[in-house]
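Ready to practise reading a protein model? Grab a pencil and try each exercise before you peek at the solution.

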Amino acid sequence: MTTGTVIGVILLAMLVIWAILHAARKAKKGGGCCGEHDPLPTKKTVADRNKTHYPYKITVKIGGMTCANCAVKVENALNELDGIWASVSVDAQTAHIRSKQPPDMALLAEAVRNAGYVILS
């Protein structure tokens, strides 16, 4: 065998070993961005659930969500804000936000960004 062939076989063997170890780790711990195989994090509920107290409504596109855990993280981040009641859909990649005051887009964007995602529109 030539030196090039030997190096190629070694690299291929290393790649196969890495793939097996990676698959085993994912099977053991769950995979994905935020543990989509882990139990869902607890949703933080809004104390005031009277829709009439939230006269402002907007829907924004959220980028970066891939699973239900992502949606809960975004929803929790928004619901922690004073005067905000949000519902997030990973399927639609949107957040439906109700607000007691005119929405502060910079504040909403910062909360979503701190959760690890981004408001697209």
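**Exercise 1. The pocket lining**

Find the elements that each supply at least two residues of the lining of the largest pocket.

*Solution.* Keep in mind that this is a predicted model. Step one: look at β1 (56-63), α2 (68-79), β2 (84-89) and β3 (94-99), since each of these gives at least two residues to the lining. Step two: check the space itself, which comes to about 190 Å³. The lining has 16 residues, and R49, W85, A86, S87 and H96 are the closest to the pocket's centre. Step three: sort the lining by character, and you get 5 nonpolar, 5 polar and 6 charged residues.

**Exercise 2. A residue in a loop**

Decide whether D48 is buried or exposed, and work out what its side chain meets.

*Solution.* Start with the location: D48 sits in the loop between α1 (3-29) and β1. Next, take its relative accessible area, 19%. Buried means under 20%, so D48 counts as buried. Now for the partners. The D48 side chain makes a polar contact of 2.8 Å with the side chain of H53, and another, of 2.9 Å, with the side chain of K100. Finally, leave out residues up to four places away in sequence, and the list of residues D48 touches is H53, Y54, W85 and K100.

**Exercise 3. A hairpin with a twist**

Work out how β2 and β3 run relative to each other, and which residue between them has a positive phi.

*Solution.* First, the strands: β2 and β3 run antiparallel and are joined by 6 bridges. For an example of pairing, pick A86, whose bridge partner in β3 is I97. Second, the turn: this hairpin has 4 residues between its strands, and Q93 takes a positive phi near 60°. Why look twice at that? Most residues other than glycine have a negative phi. Q93, which is not glycine, has a positive one. Third, the surroundings: Q93 has a relative accessible area of 22%, so it is partly exposed.

**Exercise 4. The whole chain**

Count the helices and strands, then write down their order.

*Solution.* Counting gives 3 helices and 4 strands. Walk along the sequence and the order reads α-β-α-β-β-α-β. Then zoom out: the chain has 121 residues, and 32% of them count as buried. For the last step, take contacts with a separation of 6 or more; residues 24 or more positions apart account for 69% of them.

Terms used
Residues numbered from 1 in each chain as written. Predicted model: local features only at pLDDT ≥ 70, side-chain atom pairs only at ≥ 80, totals over all residues. Heavy atoms only, no water. 1 Å grid on protein atoms, 1.4 Å probe; cavity = no way out; pocket = protein on both sides within 12 Å on 5 of 7 lines; lining within 4 Å. Points joined across faces, edges and corners; volume = space filled by probe spheres on them. Nonpolar A, V, L, I, M, F, W, Y, C, P; charged D, E, K, R; others polar. Buried < 20%, exposed > 50% of the residue type's maximum accessible area, 1.4 Å probe, protein only. Polar contact = N/O pair within 3.5 Å; in protein donor to acceptor, adjacent residues only side chain to side chain. Contact = heavy atoms within 4.5 Å. Pairing = 2+ DSSP bridges.
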